Amino acid sequence: MKALETQGISKGFAGNIGVKRIQALSDLNLQIDQGEVFGFLGPNGAGKSTSIKILLNLIYPDSGRATIMGKDVKEKEARRRVGYLPENPYFYDYLSADELLWFAGRVSGIDKEELKIRADMLLHKVNLQKARSRHIRTYSKGMVQRAGLAMALIHNPDIIILDEPMSGLDPLGRKMVGDLILDLKSQGKTVFFSSHILTDIERFCDRVGIIVGGELQLMDTLDNLLKNNATLEDIFLKVVETAGGGNEA
Ligand SMILES: Nc1ncnc2c1ncn2[C@@H]1O[C@H](COP(=O)(O)OP(=O)(O)OP(=O)(O)O)[C@@H](O)[C@H]1O
Ligand SMILES: [Mg+2]
């Protein structure tokens, strides 16, 4: 059984008056194995976040189907074992990271004892122990991002979907996210994430997909792609150029 799957997903967005409709995704077919770390790449406007939102049932495709562990994403049960970090995490400003994790954990049905242990462990991992009692409105961008990462993992999900988890992080934060992803992998979790930071992807992905203009252009193992001393950057630039650039171009 695949951890994540999209079958023939297409999605368009209506433009403003006088602006033509945007075809964000065209016939997207993705299959992500259990235990795999998958990097989803593509230029700005390529359709990465749209795909992710469809996988989480936050927006709906015009056609096609998305499943998590074989279940349609429309089923609540399918989403129960998934952790998600949105592209621009936004939280109630007057909560502290502690309260955020408490709230998220209780909503996910974790008992109080376990929640305390997991919150301590995650706040330590994302390096927010010192700031854990401060309101999130006093956090820097990278700190908000790290709080979001802890929140995505609070219920110990099996499948973790991260939309640009390194965005806004300093090199230490990026390394922390990389280590966290490798840690999740070693626990047999499935990680699906989008990123523009190709060197990070080279470090810890099993497989990558490159999407341009809503169409998947390439999907292969990192080992295969890099076997002829090519860099992911070379490959990425070539694929994007061959496909004629992104939606925003
Ligand atoms: N709510 C919306 N209304 C109209 N157009 C949208 C909407 N959401 C996304 N789009 C368009 O769909 C296309 C794909 O956007 P998406 O956010 O999926 O790209 P992305 O690959 O995540 O880009 P980035 O790397 O910049 O985050 C873009 O052309 C974008 O302008
Ligand atoms: Mg995006």
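**Two sheets, two domains and a shared core**

Strands β6 and β7 pair in the parallel sense, with 4 bridges between them. In this pairing, V82 faces I159 of β7. The model is a predicted one, and this strand pair is a convenient place to start reading it. Strand β6, residues 82-85, is covered on both faces: V82 and Y84 are buried on one side, and G83 and L85 are buried on the other. Such a two-sided pattern is easy to follow with one general point in mind: in a regular strand the side chains alternate between the two faces of the sheet.

The β6-β7 pair belongs to an open sheet of 6 strands, ordered β6-β7-β8-β3-β9-β10, in which the pairing is mixed. Strands β6 and β10 (215-221) stand at the edges with a single partner strand each, so one side of each has no neighbour in the sheet. On average, neighbouring strands of this sheet are turned by 15 degrees against each other, direction ignored. At the β10 edge, strand β9 (residues 207-212) pairs with β10 in the antiparallel sense over 6 bridges, and I211 stands opposite L216 of β10. Helix α6 packs on this sheet, where it touches β3, β7 and β8, and its direction makes about 150 degrees with that of β8. Helix α1 lies across β3 (37-41), β7, β8 (190-194) and β9, running at about 145 degrees to β7.

Helix α1, residues 48-55, also lies across strands of another sheet, namely β1 (4-13), β2 and β4, and runs at about 120 degrees to β1. This other sheet is open too, with 4 strands in the order β2-β1-β4-β5 and antiparallel pairing. Its edges are formed by β2 (22-32) and β5 (71-72); each has a single partner strand, so one side of each is left without a neighbour in the sheet. Strand β4 (residues 63-68) pairs with β5 over 2 bridges, in the antiparallel sense, and T67 is placed opposite D72 of β5.

Turning to the domains, the domain assignment gives domain 1 as 1-81 + 160-249 and domain 2 as 90-157. Their C-alpha centres are 25 Å apart. Between them, 12 residues of domain 1 are in contact with 11 residues of domain 2. On the domain 1 side of this contact, β7 (159-163) and α6 (171-186) each supply at least two residues. The largest share of that side comes from α6, with 4 residues. Sorted by class, the side of domain 1 that touches domain 2 has 7 nonpolar, 3 polar and 2 charged residues.

The largest nonpolar core has 65 residues, and L101, A150 and I161 are those with the most contacts inside it. Helix α5 (residues 141-153) gives the largest share of this core, 7 residues. Both domains take part, as the core draws at least three residues from each of domain 1 and domain 2. As a general background, nonpolar side chains tend to be buried together in soluble globular proteins. Beyond its neighbours within four places in sequence, L101 is in contact with A119, L122, A150, M151 and I154.

Residue A150 appears again among the contacts of V126: leaving aside neighbours within four places in sequence, V126 is in contact with R146, L149, A150 and M176. V126 lies in the loop between α4 and α5. Although it is in a loop, V126 counts as buried, because 22 C-beta neighbours lie inside 10 Å and the cut-off for a buried residue is 20 or more. The C-alpha atoms of V126 and L55 are separated by 25 Å, with their positions 71 residues apart along the chain.

The loop between α4 (112-125) and α5 also holds N127. N127 has a positive phi of about 60 degrees although it is not a glycine. This residue, N127, is partly exposed, with 15 other C-beta atoms within 10 Å. A second non-glycine residue with a positive phi is N156, at near 55 degrees; N156 is found in the loop between α5 and β7. N156 likewise counts as partly exposed, with 15 C-beta neighbours inside 10 Å. For context, most residues other than glycine have a negative phi. In helix α4 itself sits K116, which is partly exposed with 15 C-beta neighbours inside 10 Å. K116 and I154 are 38 residues apart in sequence, and their C-alpha atoms are 10.0 Å apart in space.

How values were computed. Residues are numbered from 1 along each chain as its sequence is written. Chains are lettered from A and ligands numbered from 1 in the order in which they are written. This is a predicted model: local features need pLDDT of at least 70, side-chain atom pairs count only at pLDDT 80 or more; totals for chains, interfaces and linings use all residues. Two strands pair if DSSP finds at least two bridges between them. Two residues are in contact if their C-beta atoms, placed from the backbone, lie within 7 Å. Axes are lines fitted to C-alpha atoms, for helices over the stretch in contact, and angles run from 0 to 180 degrees between N-to-C directions. Domain bounds come from an automatic or database domain assignment. Ala, Val, Leu, Ile, Met, Phe, Trp, Tyr, Cys and Pro count as nonpolar, Asp, Glu, Lys and Arg as charged, and the others, Gly among them, as polar. A residue is buried if 20 or more other C-beta atoms lie within 10 Å of its own, exposed if 12 or fewer, and partly exposed in between; C-beta atoms are placed from the backbone. A nonpolar core is a set of buried Ala, Val, Leu, Ile, Met, Phe, Trp, Tyr and Cys residues joined through C-beta atoms within 7 Å.
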